[in-house]
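Take the sequence and the model side by side. The paragraphs below walk through the cores, a helix, a set of strands and the salt bridges.

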Amino acid sequence: MISVKKKVFCIVLAFITGATCLTVSALSNVMAVDAGEKNTETDRGGSLPYKNGEILVEYRDKPGSGEIAAVKNIGADISFPGAETGSDILESVALVTLPDGMSVKEALDLFSKDPAVEAVQPNYIYSASSAGGNGGIGADAGGRSPVPLLSDTTAYDQWNLDKIDATEAWDLIEELKTEGTTSGSPVTIGFLDTGVDMDHDELSPLIVKDLCVDVTSDPVDGAYPPMEEEIYGHGTQVCGVAAALNDGKGVSGVASGYDNDMVRLVVANIYDDYDPNNSTNRGASTDSLLRGIAYMSGEKVRAPIINISLSLKYIGESDAFLNNAVSRAWDNGSIIVCSAGNQGTSDPRYPGSSRQAVSVMSTSNYSNAWSNCASSFSNYANNRKISAPGSRLCSTTVGNTYATTHGTSFSSATVSGVMAMMLYVDPDLTPYKLRKYIYDTATDLYIDGFDKRTGYGNVNAYRAVAMAAGKKVSVNSRISRPVVKVKSLMKKRTTVSWSASEYANSYEIYRSASKNGKYRRIASVKGTSEKYVDKGLSSGKRYYYKVLVKGTRDDQKVKSLKSKAAYAKVK
């Protein structure tokens, strides 16, 4: 903000350059708003929800006493999201609480004219209100009723661990321990969520309780207040998918391993009640996200992995401040892993659409890896490049219980767990290498290569950990080719038959007019079929056929070479 002392300079500057300079005294003309004004507004494009009475300001340089005094001179208050985190990634960012009578729109217009200001924006709200809404946490939760604590390890079908080769990754890590080639130090995953049940049997030993805080409240004596008991359940479910103890009861997390020594969890609550008329309508503001990212990547925590299981739809304007925080955390050695969202659309969403973030889509418990394996609710797009199981998973929830749940929140937690195992074997991996290795080793699904529904495919824990450890991993995607026979029993027809494959999802039939000619695919039939009738052929002519098998083995796509040619002369 421009101080009164700069008034003469502003007038001269405006005269010389034609620019408009707004002084503090100009605020006296701002009209008061109705006392009954809603707690949230929409942005200047009329689309995204944000907090009334607050804006975010980024200064060109770290703000000093002059900028602070100028804000206070107009009756506003100023605080700094990164102040108590030991992080410098937000050193020029401020949260300005507006004086009574000033709307967000008026404040944005006013501060944007200050030459000391680099950028301004509303304090957006990442809504937790509904599963089908614009927000993320409610859409990502999808919980079911909790069930009692069980001691039977087969009580829950943890198909998700099989799909990503988690136990194979644990076996490899045990081998690396024997070789003495792992770091042996647990990796910290920082979770920005609704909190966590710190007394849950499956999570309590992993949680660094002294570091778990509530960043929605201002620091007291230089520190955020301790996190209160979670009641919502989402954060507890997310943590459970990533790391729940492998202890012979309930469920096991992706990064539990056999010894439960690979990860430590630090959780920060980023959600507060923003609707005074609805205490269950919880939201995470941009400000809370900035505080959380700065805290987790700062000197007090130094989490190399920060999991954020929420999303906000991008309409016209991006959350530039959150974008910048994700980028700066990356530069400081922390990678942001987040959920793609659960609206079943390709709409851009933040923070997943931030360039350095890893946005994770959800896959189902598929039996055909060549099919569209994406969960029906999962968002998708070309800039979302990795998937992980997210449909009907079982995880920990509040009260020392478990719940069946679904959503990209848990796909995100899965990738965070895999990255933690990678860092366990090589703590020097940079965010760039973590992301690259995750993409390079994914289990390809659906269309060959990259596709917008599943990205590079499901994260593969075994191959990712092997690459992190410098081990070469070969993937055998070939299966035996079928034996083909061809007969012509009726006019202008042939019957092509072949030996069945136990892995088959489909058989592709190719035809040529000569044995060594070009074979063109003429049909694809289900894997339960063992013959195909080719009709409308020319009598007296020979036709040559080959068959190729596409199938699923160990949850991965496999296929055969084309069979040897077989022919028949058509009647």
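Contact here means heavy atoms within 4.5 Å. The model is predicted. With that in mind, start at Ile 305. Leaving aside neighbours within four places in sequence, Ile 305 is in contact with Val 187, Thr 188, Ile 189 and Gly 190. Its contacts also include Ile 335 and Val 337. Ser 416, Met 419, Ala 420 and Leu 423 complete the list.

Ile 305 belongs to the largest nonpolar core, which has 63 residues. Ile 305 is among the residues with the most contacts inside this core. The others named with it are Leu 265, Val 418, Met 419, Met 421, Met 422 and Ile 438. Which helix gives the largest share of this core? Helix H10, residues 408–425, supplies 11 residues. A second core is separate and has 58 residues. Ala 116, Ile 306, Ala 325 and Cys 338 are among its members. In soluble globular proteins, nonpolar side chains tend to be buried together.

Ala 325 leads to helix H9, which covers residues 320–331. H9 has 12 residues and reaches 17 Å from its first C-alpha to its last. That is close to the 16 Å expected at 1.5 Å a residue. Which residues of H9 are buried? They are Phe 321, Leu 322, Asn 323, Ala 325, Val 326, Ala 329 and Trp 330. An α-helix has 3.6 residues a turn, so residues three or four places apart point the same way. Just after H9, Gly 333 takes a positive phi of about 100°.

Now move to strand S21, residues 504–512. Of its 9 residues, 8 are buried, so the strand is largely enclosed by the rest of the structure. S21 pairs with strand S24, residues 542–553, in the antiparallel sense over 8 bridges. Ala 504 has Gly 551 in S24 as its bridge partner. S21 also runs antiparallel to strand S22, residues 520–526, and 6 bridges join the two. Here Ser 506 has Lys 526 in S22 as its bridge partner.

A salt bridge also links S21 and S22. Glu 508 pairs with Arg 521, with the closest N and O atoms 2.8 Å apart. Glu 508 lies in S21 and Arg 521 in S22, so the pair ties together parts that are 13 residues apart in sequence. Are the two partners buried or partly exposed? Glu 508 is buried, with a relative accessible area of 5%. Arg 521 counts as partly exposed, at 46% relative accessibility. Elsewhere, salt bridges that share partners join Glu 174, Lys 177, Asp 259 and Asp 261 into one network.

The structure holds 20 salt bridges. In one of them, Lys 51 meets Asp 272, with the closest N and O atoms 2.9 Å apart. This pair links distant parts of the chain, 221 residues apart. Lys 51 sits in strand S2, residues 49–59, and Asp 272 in strand S9, residues 272–273. Both Lys 51 and Asp 272 are buried.

Asp 218 and Arg 291 form another salt bridge, at 3.0 Å from N to O. Asp 218 lies in the loop between strand S7 (213–214) and helix H7 (234–243), and Arg 291 in helix H8 (residues 286–297), so the pair ties together parts 73 residues apart in sequence. Asp 218 counts as partly exposed, at 48% relative accessibility. Arg 291 is buried, with a relative accessible area of 4%.

Methods: Residues are numbered from 1 along each chain as its sequence is written. This is a predicted model: local features need pLDDT of at least 70, side-chain atom pairs count only at pLDDT 80 or more; totals for chains, interfaces and linings use all residues. Side-chain values use heavy atoms; hydrogens and water are left out. Helices (H or I, at least four residues) and strands (E, at least two) are DSSP runs, numbered from the N terminus. The expected span of a helix is 1.5 Å times one less than its number of residues. Buried means under 20% relative accessible area, exposed over 50%, partly exposed in between (1.4 Å probe, protein chains only). A nonpolar core is a set of buried Ala, Val, Leu, Ile, Met, Phe, Trp, Tyr and Cys residues joined through side-chain atoms within 4.5 Å. Two strands pair if DSSP finds at least two bridges between them. A salt bridge is a side-chain nitrogen of Lys or Arg within 4 Å of a carboxyl oxygen of Asp or Glu.
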